[in-house]
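Biologist: Before reading this model any further, I would like a close look at one part of it. Please take a single strand, follow its partners and connections, and set it against another sheet.

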Amino acid sequence: MDYLSPQLAMPPVISLDDINKQAEIAAGMMSSIRSTMLMPRAAKKEPVFGADELSDLCGLSGRGAVAHYIKERPDLPSGMLTTTGRKRHFGLSEARVWVREFQKEKLRPAGAEAITITVANFKGGTTKTTTSMTLAQGLSIQGHKVLVIDTDPQGSLTTLFGILPDLEVEEEQTILPLVDGSQHSVRPMIRKTYWDGLDLVPACSGLFAAEFMLPSLQQSNPEFEFWSVLDMGIDDVRGDYDVIIIDSPPALSYLTINSLFAANGLIIPLPPETLDFASLSQFWQLFSQLTGSLLQKRGSSKVFEFQNVLLSKVSKSVTTDVVRQWISQTYGAKVLPLEIPRTATTSLKSAEFGTVYDATPDDLKDRTYKRAREAYDQFVEHVERQIATAWRRQVMEQNRVAA
Ligand SMILES: Nc1ncnc2c1ncn2[C@@H]1O[C@H](COP(=O)(O)OP(=O)(O)O)[C@@H](O)[C@H]1O
Ligand SMILES: [Mg+2]
(Lines give C-alpha, C1' and ligand atoms only; values in the text may rest on other atoms or scores of the structure.)
(Ligands and ions follow the chains in the order given, each with its own letter.)
Protein backbone atom coordinates (compact mmCIF):
# COMPACT_ATOMS: atom_id res chain seq x y z
CA MET A 1 0.00 0.00 0.00
CA ASP A 2 1.08 3.55 -0.77
CA TYR A 3 2.30 5.15 2.40
CA LEU A 4 0.36 8.33 1.61
CA SER A 5 -2.88 6.40 1.23
CA PRO A 6 -5.67 7.90 3.40
CA GLN A 7 -6.73 4.36 4.41
CA LEU A 8 -3.50 3.77 6.25
CA ALA A 9 -3.95 4.08 10.02
CA MET A 10 -2.02 6.96 11.56
CA PRO A 11 -0.45 6.44 14.97
CA PRO A 12 -1.34 9.28 17.38
CA VAL A 13 1.24 11.98 18.04
CA ILE A 14 2.79 12.16 21.50
CA SER A 15 1.73 15.22 23.46
CA LEU A 16 3.33 16.88 26.45
CA ASP A 17 0.48 15.44 28.49
CA ASP A 18 1.56 11.97 27.41
CA ILE A 19 5.07 12.76 28.55
CA ASN A 20 3.75 13.89 31.92
CA LYS A 21 1.84 10.65 32.27
CA GLN A 22 4.92 8.68 31.26
CA ALA A 23 6.96 10.50 33.90
CA GLU A 24 4.44 9.57 36.58
CA ILE A 25 4.34 5.94 35.50
CA ALA A 26 8.16 5.73 35.51
CA ALA A 27 8.40 7.34 38.96
CA GLY A 28 5.76 4.98 40.30
CA MET A 29 7.63 2.01 38.85
CA MET A 30 10.90 3.14 40.46
CA SER A 31 9.33 3.38 43.86
CA SER A 32 7.63 0.01 43.62
CA ILE A 33 10.82 -1.64 42.35
CA ARG A 34 12.71 -0.25 45.28
CA SER A 35 10.29 -1.55 47.81
CA THR A 36 10.02 -5.00 46.29
CA MET A 37 12.93 -6.27 44.22
CA LEU A 38 15.85 -4.03 45.00
CA MET A 39 17.50 -3.41 48.30
CA PRO A 40 15.40 -0.79 50.03
CA ARG A 41 17.15 1.58 52.38
CA ALA A 42 16.00 -0.47 55.34
CA ALA A 43 17.71 -3.48 53.82
CA LYS A 44 20.95 -1.70 52.96
CA LYS A 45 23.26 -3.01 55.59
CA GLU A 46 26.80 -2.33 56.66
CA PRO A 47 29.21 -5.16 55.91
CA VAL A 48 30.50 -7.47 58.63
CA PHE A 49 34.10 -8.57 59.09
CA GLY A 50 35.50 -11.88 60.31
CA ALA A 51 38.42 -11.95 62.76
CA ASP A 52 40.97 -12.74 59.99
CA GLU A 53 39.74 -9.89 57.83
CA LEU A 54 39.87 -7.53 60.79
CA SER A 55 43.37 -8.71 61.59
CA ASP A 56 44.47 -7.90 58.00
CA LEU A 57 42.82 -4.48 58.11
CA CYS A 58 44.64 -3.68 61.35
CA GLY A 59 47.97 -4.98 60.03
CA LEU A 60 48.18 -7.49 62.90
CA SER A 61 50.17 -10.64 62.36
CA GLY A 62 49.73 -14.16 63.62
CA ARG A 63 46.59 -16.20 64.08
CA GLY A 64 44.69 -15.32 67.17
CA ALA A 65 45.92 -11.71 67.28
CA VAL A 66 42.37 -10.43 67.43
CA ALA A 67 41.44 -12.89 70.21
CA HIS A 68 44.54 -11.78 72.10
CA TYR A 69 43.58 -8.11 71.97
CA ILE A 70 39.98 -8.85 72.95
CA LYS A 71 41.37 -10.21 76.23
CA GLU A 72 44.02 -7.53 76.71
CA ARG A 73 42.03 -4.52 75.55
CA PRO A 74 38.52 -4.48 77.01
CA ASP A 75 38.17 -0.93 75.64
CA LEU A 76 38.01 -2.32 72.07
CA PRO A 77 34.64 -3.57 70.74
CA SER A 78 34.53 -7.37 70.97
CA GLY A 79 32.16 -8.15 68.08
CA MET A 80 29.55 -10.88 68.16
CA LEU A 81 30.03 -14.64 68.36
CA THR A 82 28.33 -16.52 65.52
CA THR A 83 25.56 -18.96 66.39
CA THR A 84 28.01 -21.88 66.63
CA GLY A 85 30.06 -19.78 69.04
CA ARG A 86 33.26 -20.57 67.15
CA LYS A 87 33.70 -17.44 65.09
CA ARG A 88 33.49 -13.77 65.79
CA HIS A 89 31.98 -11.11 63.53
CA PHE A 90 32.57 -7.40 63.75
CA GLY A 91 30.23 -4.74 62.43
CA LEU A 92 31.67 -1.94 60.28
CA SER A 93 31.59 0.60 63.09
CA GLU A 94 33.39 -1.85 65.40
CA ALA A 95 35.96 -2.70 62.73
CA ARG A 96 36.61 1.00 62.15
CA VAL A 97 37.39 1.52 65.83
CA TRP A 98 39.99 -1.26 65.63
CA VAL A 99 41.53 0.06 62.41
CA ARG A 100 41.79 3.56 63.80
CA GLU A 101 43.53 2.14 66.87
CA PHE A 102 46.08 -0.03 65.06
CA GLN A 103 46.68 2.08 61.95
CA LYS A 104 47.14 5.42 63.74
CA GLU A 105 50.03 6.44 61.52
CA LYS A 106 47.75 6.32 58.44
CA LEU A 107 45.20 8.72 59.90
CA ARG A 108 44.95 12.43 59.20
CA PRO A 109 47.68 14.22 61.14
CA ALA A 110 46.98 17.17 63.43
CA GLY A 111 46.90 20.38 61.46
CA ALA A 112 45.75 18.73 58.22
CA GLU A 113 42.25 18.90 56.78
CA ALA A 114 40.05 16.92 54.40
CA ILE A 115 41.48 16.21 50.95
CA THR A 116 38.85 16.73 48.27
CA ILE A 117 38.78 14.25 45.39
CA THR A 118 36.61 14.77 42.33
CA VAL A 119 35.76 11.87 40.06
CA ALA A 120 35.23 13.31 36.59
CA ASN A 121 34.88 12.45 32.93
CA PHE A 122 32.52 14.23 30.55
CA LYS A 123 31.35 10.95 29.11
CA GLY A 124 28.59 8.93 30.74
CA GLY A 125 29.01 5.29 31.68
CA THR A 126 32.75 5.52 32.40
CA THR A 127 32.09 4.35 36.01
CA LYS A 128 32.41 7.74 37.77
CA THR A 129 29.61 6.95 40.19
CA THR A 130 30.75 3.40 40.90
CA THR A 131 34.31 4.69 41.41
CA SER A 132 33.15 7.44 43.80
CA MET A 133 31.14 5.03 45.91
CA THR A 134 33.74 2.26 46.08
CA LEU A 135 36.51 4.74 46.90
CA ALA A 136 34.39 6.28 49.66
CA GLN A 137 33.52 2.89 51.13
CA GLY A 138 37.08 1.58 50.80
CA LEU A 139 38.60 4.64 52.52
CA SER A 140 36.08 4.47 55.34
CA ILE A 141 36.93 0.80 55.95
CA GLN A 142 40.53 2.00 56.34
CA GLY A 143 39.30 4.12 59.24
CA HIS A 144 38.86 7.47 57.48
CA LYS A 145 35.82 9.69 57.86
CA VAL A 146 34.42 10.43 54.43
CA LEU A 147 31.88 12.87 53.00
CA VAL A 148 30.51 12.22 49.52
CA ILE A 149 28.82 14.95 47.53
CA ASP A 150 26.57 14.04 44.63
CA THR A 151 26.66 16.89 42.09
CA ASP A 152 24.92 14.99 39.28
CA PRO A 153 21.22 15.96 39.06
CA GLN A 154 20.60 12.37 37.95
CA GLY A 155 21.46 11.35 41.51
CA SER A 156 22.93 7.92 40.68
CA LEU A 157 25.31 8.10 43.63
CA THR A 158 22.40 9.02 45.89
CA THR A 159 20.58 5.94 44.56
CA LEU A 160 23.55 3.72 45.50
CA PHE A 161 22.89 4.74 49.10
CA GLY A 162 19.37 3.32 48.73
CA ILE A 163 17.82 6.79 48.53
CA LEU A 164 15.47 7.65 45.64
CA PRO A 165 16.52 11.15 44.48
CA ASP A 166 13.19 12.37 43.21
CA LEU A 167 11.05 10.92 45.97
CA GLU A 168 13.25 11.34 49.01
CA VAL A 169 15.45 14.37 48.32
CA GLU A 170 14.32 18.00 48.26
CA GLU A 171 16.25 20.65 46.33
CA GLU A 172 17.17 22.35 49.64
CA GLN A 173 18.90 19.14 50.72
CA THR A 174 21.29 19.20 47.75
CA ILE A 175 24.06 21.70 46.99
CA LEU A 176 21.51 23.97 45.25
CA PRO A 177 21.27 26.36 48.27
CA LEU A 178 25.00 27.10 47.78
CA VAL A 179 24.21 28.11 44.24
CA ASP A 180 21.29 30.43 45.01
CA GLY A 181 23.20 31.86 47.99
CA SER A 182 20.65 30.83 50.63
CA GLN A 183 23.40 28.76 52.33
CA HIS A 184 27.15 29.31 52.49
CA SER A 185 28.06 25.89 53.90
CA VAL A 186 27.20 22.30 52.90
CA ARG A 187 26.82 21.44 56.60
CA PRO A 188 22.98 21.65 56.77
CA MET A 189 22.71 19.39 53.70
CA ILE A 190 24.86 16.58 55.11
CA ARG A 191 23.05 13.40 56.12
CA LYS A 192 24.18 10.20 57.84
CA THR A 193 23.92 7.04 55.75
CA TYR A 194 23.60 3.29 56.31
CA TRP A 195 27.40 3.14 56.26
CA ASP A 196 29.38 4.14 59.37
CA GLY A 197 31.93 6.87 58.64
CA LEU A 198 30.30 7.82 55.35
CA ASP A 199 28.09 10.93 55.14
CA LEU A 200 26.27 12.17 52.06
CA VAL A 201 25.09 15.37 50.43
CA PRO A 202 22.53 13.95 47.98
CA ALA A 203 21.32 15.17 44.59
CA CYS A 204 17.95 15.23 42.83
CA SER A 205 16.81 16.42 39.43
CA GLY A 206 15.89 19.87 40.83
CA LEU A 207 19.64 20.48 41.17
CA PHE A 208 19.69 20.96 37.41
CA ALA A 209 18.39 24.50 38.07
CA ALA A 210 22.00 25.37 38.93
CA GLU A 211 22.76 25.28 35.19
CA PHE A 212 20.54 28.34 34.70
CA MET A 213 21.20 30.09 38.00
CA LEU A 214 25.00 30.15 37.82
CA PRO A 215 25.35 31.91 34.45
CA SER A 216 22.57 34.35 35.27
CA LEU A 217 24.19 35.28 38.61
CA GLN A 218 27.47 35.78 36.77
CA GLN A 219 25.73 38.02 34.26
CA SER A 220 24.20 40.28 36.89
CA ASN A 221 27.40 40.44 38.95
CA PRO A 222 30.72 40.26 37.09
CA GLU A 223 32.57 39.82 40.41
CA PHE A 224 30.68 36.58 41.11
CA GLU A 225 32.90 33.53 40.67
CA PHE A 226 30.44 30.89 39.53
CA TRP A 227 33.14 28.19 39.56
CA SER A 228 34.03 28.44 43.25
CA VAL A 229 30.59 28.12 44.83
CA LEU A 230 31.08 24.47 45.84
CA ASP A 231 34.71 24.97 46.89
CA MET A 232 33.68 27.75 49.29
CA GLY A 233 30.69 25.76 50.54
CA ILE A 234 33.03 22.96 51.62
CA ASP A 235 35.38 25.23 53.62
CA ASP A 236 33.26 25.01 56.77
CA VAL A 237 33.52 21.18 57.02
CA ARG A 238 37.11 20.56 55.92
CA GLY A 239 38.14 20.11 59.55
CA ASP A 240 35.46 17.47 60.17
CA TYR A 241 36.39 14.94 57.48
CA ASP A 242 39.48 13.13 56.29
CA VAL A 243 38.36 12.89 52.68
CA ILE A 244 35.62 14.54 50.63
CA ILE A 245 34.64 12.75 47.42
CA ILE A 246 32.66 14.52 44.70
CA ASP A 247 30.83 12.61 41.97
CA SER A 248 30.27 14.80 38.91
CA PRO A 249 27.80 14.91 35.98
CA PRO A 250 28.68 13.42 32.57
CA ALA A 251 28.91 16.80 30.80
CA LEU A 252 30.91 20.01 30.81
CA SER A 253 28.27 21.70 32.93
CA TYR A 254 28.46 24.53 35.45
CA LEU A 255 28.15 21.90 38.20
CA THR A 256 31.04 19.91 36.73
CA ILE A 257 33.20 23.04 36.63
CA ASN A 258 32.42 23.61 40.31
CA SER A 259 33.37 20.00 41.07
CA LEU A 260 36.67 20.35 39.23
CA PHE A 261 37.60 23.61 40.94
CA ALA A 262 36.77 22.18 44.37
CA ALA A 263 39.22 19.31 43.91
CA ASN A 264 42.62 18.74 45.48
CA GLY A 265 42.88 15.50 43.53
CA LEU A 266 41.24 14.37 40.31
CA ILE A 267 40.37 10.80 39.37
CA ILE A 268 39.33 10.07 35.82
CA PRO A 269 37.90 6.61 35.26
CA LEU A 270 38.46 5.54 31.67
CA PRO A 271 37.33 2.32 30.01
CA PRO A 272 39.96 1.42 27.38
CA GLU A 273 37.59 1.87 24.43
CA THR A 274 38.19 4.03 21.37
CA LEU A 275 35.30 6.45 21.93
CA ASP A 276 36.05 6.89 25.62
CA PHE A 277 39.67 7.63 24.79
CA ALA A 278 38.70 10.20 22.14
CA SER A 279 36.21 11.87 24.43
CA LEU A 280 38.81 12.22 27.17
CA SER A 281 41.14 14.16 24.90
CA GLN A 282 38.32 16.72 24.48
CA PHE A 283 38.03 16.85 28.26
CA TRP A 284 41.62 18.10 28.61
CA GLN A 285 41.21 20.65 25.80
CA LEU A 286 38.04 22.10 27.28
CA PHE A 287 39.46 21.98 30.79
CA SER A 288 42.59 23.83 29.73
CA GLN A 289 40.62 26.50 27.80
CA LEU A 290 38.38 26.90 30.81
CA THR A 291 41.09 27.38 33.39
CA GLY A 292 42.74 29.80 30.97
CA SER A 293 39.67 31.93 30.51
CA LEU A 294 38.37 31.82 34.08
CA LEU A 295 41.45 32.00 36.23
CA GLN A 296 44.43 33.30 34.32
CA LYS A 297 42.52 36.36 33.13
CA ARG A 298 41.93 37.22 36.77
CA GLY A 299 45.50 36.50 37.71
CA SER A 300 44.55 33.56 39.90
CA SER A 301 45.65 29.97 39.66
CA LYS A 302 44.78 26.43 40.69
CA VAL A 303 46.93 23.43 41.55
CA PHE A 304 46.05 19.77 42.00
CA GLU A 305 47.78 17.39 44.36
CA PHE A 306 47.25 14.50 41.96
CA GLN A 307 45.49 13.53 38.75
CA ASN A 308 44.87 9.85 38.13
CA VAL A 309 43.57 8.02 35.10
CA LEU A 310 41.91 4.81 36.29
CA LEU A 311 41.45 2.05 33.72
CA SER A 312 37.99 0.70 34.38
CA LYS A 313 35.61 -1.89 32.96
CA VAL A 314 38.65 -3.53 31.39
CA SER A 315 37.89 -6.62 29.32
CA LYS A 316 40.24 -8.91 27.43
CA SER A 317 40.23 -7.95 23.74
CA VAL A 318 42.51 -6.76 20.98
CA THR A 319 40.97 -3.26 21.10
CA THR A 320 41.66 -3.10 24.82
CA ASP A 321 45.35 -3.85 24.23
CA VAL A 322 45.63 -1.19 21.53
CA VAL A 323 43.77 1.52 23.46
CA ARG A 324 45.65 0.69 26.67
CA GLN A 325 48.84 1.46 24.73
CA TRP A 326 47.48 4.85 23.58
CA ILE A 327 46.42 5.65 27.12
CA SER A 328 49.79 4.88 28.58
CA GLN A 329 51.60 6.89 25.87
CA THR A 330 49.28 9.85 26.35
CA TYR A 331 48.89 9.95 30.13
CA GLY A 332 52.15 8.35 31.28
CA ALA A 333 52.57 8.43 35.05
CA LYS A 334 49.01 9.70 35.53
CA VAL A 335 47.74 6.20 34.76
CA LEU A 336 47.31 4.19 37.97
CA PRO A 337 49.24 0.90 37.91
CA LEU A 338 46.11 -1.24 38.31
CA GLU A 339 42.95 -2.01 36.37
CA ILE A 340 39.34 -2.50 37.38
CA PRO A 341 38.14 -5.56 35.44
CA ARG A 342 34.82 -5.57 33.64
CA THR A 343 32.94 -8.11 35.64
CA ALA A 344 29.41 -9.29 35.70
CA THR A 345 29.72 -9.25 39.47
CA THR A 346 30.29 -5.52 39.77
CA SER A 347 27.48 -4.75 37.37
CA LEU A 348 25.24 -7.16 39.20
CA LYS A 349 26.02 -5.55 42.53
CA SER A 350 25.24 -2.11 41.14
CA ALA A 351 21.92 -3.43 39.90
CA GLU A 352 21.19 -4.16 43.53
CA PHE A 353 22.13 -0.60 44.50
CA GLY A 354 25.48 -1.75 45.84
CA THR A 355 29.20 -2.19 45.07
CA VAL A 356 31.87 -4.82 45.78
CA TYR A 357 32.12 -3.44 49.31
CA ASP A 358 28.43 -4.20 49.88
CA ALA A 359 29.19 -7.90 49.34
CA THR A 360 27.66 -10.67 51.39
CA PRO A 361 29.87 -13.46 52.80
CA ASP A 362 28.60 -15.69 49.94
CA ASP A 363 30.07 -13.33 47.33
CA LEU A 364 33.50 -13.78 48.86
CA LYS A 365 33.66 -17.34 47.50
CA ASP A 366 33.13 -16.14 43.92
CA ARG A 367 36.39 -15.86 41.92
CA THR A 368 35.25 -13.04 39.65
CA TYR A 369 34.11 -11.14 42.69
CA LYS A 370 37.45 -11.67 44.41
CA ARG A 371 39.32 -10.32 41.39
CA ALA A 372 37.20 -7.16 41.34
CA ARG A 373 37.49 -6.74 45.10
CA GLU A 374 41.28 -7.05 45.00
CA ALA A 375 41.50 -4.46 42.21
CA TYR A 376 39.40 -1.98 44.19
CA ASP A 377 41.46 -2.64 47.35
CA GLN A 378 44.61 -1.76 45.39
CA PHE A 379 42.96 1.35 43.99
CA VAL A 380 41.96 2.51 47.47
CA GLU A 381 45.49 1.88 48.73
CA HIS A 382 47.02 4.00 45.94
CA VAL A 383 44.64 6.87 46.57
CA GLU A 384 45.22 6.62 50.32
CA ARG A 385 48.95 7.10 49.75
CA GLN A 386 48.36 10.22 47.66
CA ILE A 387 46.05 11.58 50.37
CA ALA A 388 48.83 11.06 52.93
CA THR A 389 51.23 13.02 50.71
CA ALA A 390 48.72 15.84 50.37
CA TRP A 391 48.31 15.97 54.16
CA ARG A 392 52.07 16.09 54.55
CA ARG A 393 52.21 19.10 52.25
CA GLN A 394 49.48 20.84 54.27
CA VAL A 395 51.34 20.27 57.54
CA MET A 396 54.68 21.40 56.06
CA GLU A 397 53.00 24.51 54.68
CA GLN A 398 51.51 25.25 58.10
CA ASN A 399 54.88 24.82 59.80
CA ARG A 400 56.47 27.10 57.22
CA VAL A 401 53.87 29.81 57.82
CA ALA A 402 54.23 29.43 61.60
CA ALA A 403 58.06 29.68 61.44
N1 LIG B 1 33.87 -2.97 36.71
C2 LIG B 1 32.70 -2.95 36.08
N3 LIG B 1 32.36 -3.94 35.21
C4 LIG B 1 31.18 -3.91 34.56
N5 LIG B 1 30.27 -2.95 34.69
C6 LIG B 1 30.53 -1.93 35.53
C7 LIG B 1 31.76 -1.88 36.26
N8 LIG B 1 31.75 -0.75 37.03
C9 LIG B 1 30.57 -0.16 36.78
N10 LIG B 1 29.83 -0.84 35.90
C11 LIG B 1 28.50 -0.50 35.35
O12 LIG B 1 28.67 0.48 34.33
C13 LIG B 1 27.56 1.36 34.30
C14 LIG B 1 28.02 2.83 34.37
O15 LIG B 1 28.65 3.03 35.65
P16 LIG B 1 28.49 4.41 36.41
O17 LIG B 1 29.34 4.28 37.62
O18 LIG B 1 27.06 4.76 36.62
O19 LIG B 1 29.15 5.41 35.37
P20 LIG B 1 29.04 7.00 35.24
O21 LIG B 1 28.79 7.54 36.60
O22 LIG B 1 30.38 7.41 34.69
O23 LIG B 1 27.95 7.29 34.27
C24 LIG B 1 26.69 0.98 35.47
O25 LIG B 1 25.63 0.18 35.00
C26 LIG B 1 27.60 0.16 36.36
O27 LIG B 1 26.89 -0.79 37.11
MG1 LIG C 1 27.33 8.90 37.31
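**A strand and its neighbours**

Modeller: In strand β10, Leu 310 is the bridge partner of Pro 269. The model is predicted: local features require pLDDT of at least 70 and side-chain atom pairs pLDDT 80 or more, while totals for chains, interfaces and linings use all residues. Residues are numbered from 1 along each chain as written, with chains lettered from A and ligands numbered from 1 in written order.

Strand β10 spans residues 306-314, and eight of its nine residues are buried (20 or more other C-beta atoms, placed from the backbone, within 10 Å; exposed is 12 or fewer, partly exposed in between). The strand is therefore largely enclosed by the rest of the structure. Strands here are DSSP runs of E of at least two residues, and helices runs of H or I of at least four, numbered from the N terminus.

One partner of β10 is β9 (residues 265-270), which runs parallel to it and is joined to it by six bridges (two strands pair at two or more DSSP bridges). Helix α12 (residues 274-294) belongs with β9 and β10 to a right-handed β-α-β unit (clockwise from first strand over helix to second, with the strands pointing away from the viewer). Strand β11 (residues 335-341) also pairs with β10 in the parallel sense, over three bridges, and here Leu 311 stands opposite Glu 339 of β11. Between β10 and β11 the chain passes through helix α13 (residues 318-331), in a β-α-β crossover that is right-handed.

For comparison, consider the sheet containing β1, β2 and β3. Its three strands form an open sheet in the order β1-β3-β2, with antiparallel pairing. Strands β1 (48-50) and β2 are the edge strands, each pairing on one side only. Two bridges hold the antiparallel pair β2 and β3, with Met 80 standing opposite His 89 of β3.

The loop between β2 (80-81) and β3 (88-91) contains Thr 82. Thr 82 is exposed, since 12 other C-beta atoms lie within 10 Å. Setting aside neighbours within four places in sequence, Thr 82 is in contact (C-beta atoms within 7 Å) with Lys 87 and His 89. His 89 thus appears twice in this account, as the residue opposite Met 80 and as a contact of Thr 82.

To return to the strand chosen at the outset, β10 runs parallel to β9 and pairs in the parallel sense with β11, whereas the pairing of the β1-β3-β2 sheet is antiparallel.

How values were computed: Contact = placed C-beta atoms within 7 Å.
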